[in-house]
Amino acid sequence: MRNKKYYLYLDYEQTRIVIESLVRLKNALLRQDRYTDCVDELIVKVANAPVRR
């Protein structure tokens, strides 16, 4: 079975909010001594995604 792909179209402000939320989640995971690999990948993907105007 194939995984579905989902596309999210965000403007600059929405992208900033998503990145800030992911950083907060990463900090919470670090305080709990848990892995942050998946959150790190998401931060990179969102930061490198083109911004839709």
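Here is a walk through the structure shown above, from its overall form to its helices and a few individual residues.

Keep in mind as you look that this is a predicted model. The protein is built with 2 helices and 0 strands. Its radius of gyration is 13 Å, well over the 10 Å that the globule rule gives for 53 residues, so the protein is more spread out than a compact globule. If you turn the C-alpha trace along its principal axes, you will find that it spans about 35 × 35 × 15 Å.

How much of the protein counts as buried? Of its 53 residues, the buried share is 15%. The protein exposes about 5,300 Å², and 54% of that area is supplied by carbon and sulfur atoms. As for charge, there are 11 positive and 7 negative side chains, and the centres of these two sets lie 8 Å apart.

Now let us follow the chain, beginning just ahead of the helix α1. Leu-8 sits in the segment before α1. With a relative accessible area of 68%, Leu-8 is exposed, since the cut-off for that label is over 50%. We will come back to Leu-8 when we reach the far end of the chain.

Helix α1 covers residues 12-31. At 1.5 Å a residue, its 20 residues should span 28 Å, and the end C-alpha atoms are 29 Å apart, which agrees. Thr-15, Leu-22 and Leu-29 are buried in this helix. Looking down the axis of α1, you will see its buried residues fall within an arc of 50°, so they line one face of the helix. On the other side of α1, Arg-24 and Arg-31 are exposed. Leu-25 also belongs to helix α1, and is partly exposed, with a relative accessible area of 40%.

Past α1, pause at Asp-33, which is in the loop between α1 and α2. What is the sign of phi at Asp-33? Asp-33 has a positive phi of about 55°, although it is not a glycine. As background, most residues other than glycine have a negative phi. Asp-33 also counts as exposed, at 73% relative accessibility.

Next comes helix α2, residues 37-48. Its 12 residues should span 16 Å at 1.5 Å a residue; the end C-alpha atoms are 17 Å apart, which agrees. Which residues of α2 are buried? They are Val-39, Ile-43 and Val-46. Seen down the axis of α2, these buried residues fall within an arc of 75°, so they line one face of the helix. On the other side of α2 you can pick out Cys-38, Glu-41, Lys-45 and Asn-48, which are exposed.

With both helices in view, try linking them through a pair of residues. Leu-25 and Val-39 are 14 residues apart in sequence, and their C-alpha atoms are 7.7 Å apart in space. Leu-25 is in α1, while Val-39 is one of the buried residues of α2.

Finally, look at the segment after α2, where Pro-50 is placed. Pro-50 is exposed, with a relative accessible area of 77%. How are Pro-50 and Tyr-9 placed in space? They are 41 residues apart along the chain, yet their C-alpha atoms are separated by 9.1 Å. Here we also return to Leu-8: Leu-8 and Val-51 are 43 residues apart along the chain, with their C-alpha atoms separated by 10 Å.

Conventions:
Residues are numbered from 1 along each chain as its sequence is written. This is a predicted model: local features need pLDDT of at least 70, side-chain atom pairs count only at pLDDT 80 or more; totals for chains, interfaces and linings use all residues. Side-chain values use heavy atoms; hydrogens and water are left out. Helices (H or I, at least four residues) and strands (E, at least two) are DSSP runs, numbered from the N terminus. The radius of gyration is taken over C-alpha atoms; the globule rule is 2.2 Å times the number of residues to the power 0.38. Buried means under 20% relative accessible area, exposed over 50%, partly exposed in between (1.4 Å probe, protein chains only). Accessible areas come from the Shrake-Rupley method with a 1.4 Å probe; for residues, only the protein chains shown count as cover. Lys and Arg count as positive and Asp and Glu as negative; His and the chain ends are not counted. The place of a charge is taken as NZ of Lys, CZ of Arg, CG of Asp or CD of Glu. The expected span of a helix is 1.5 Å times one less than its number of residues. The arc is that of the directions from the helix axis to the C-beta atoms.
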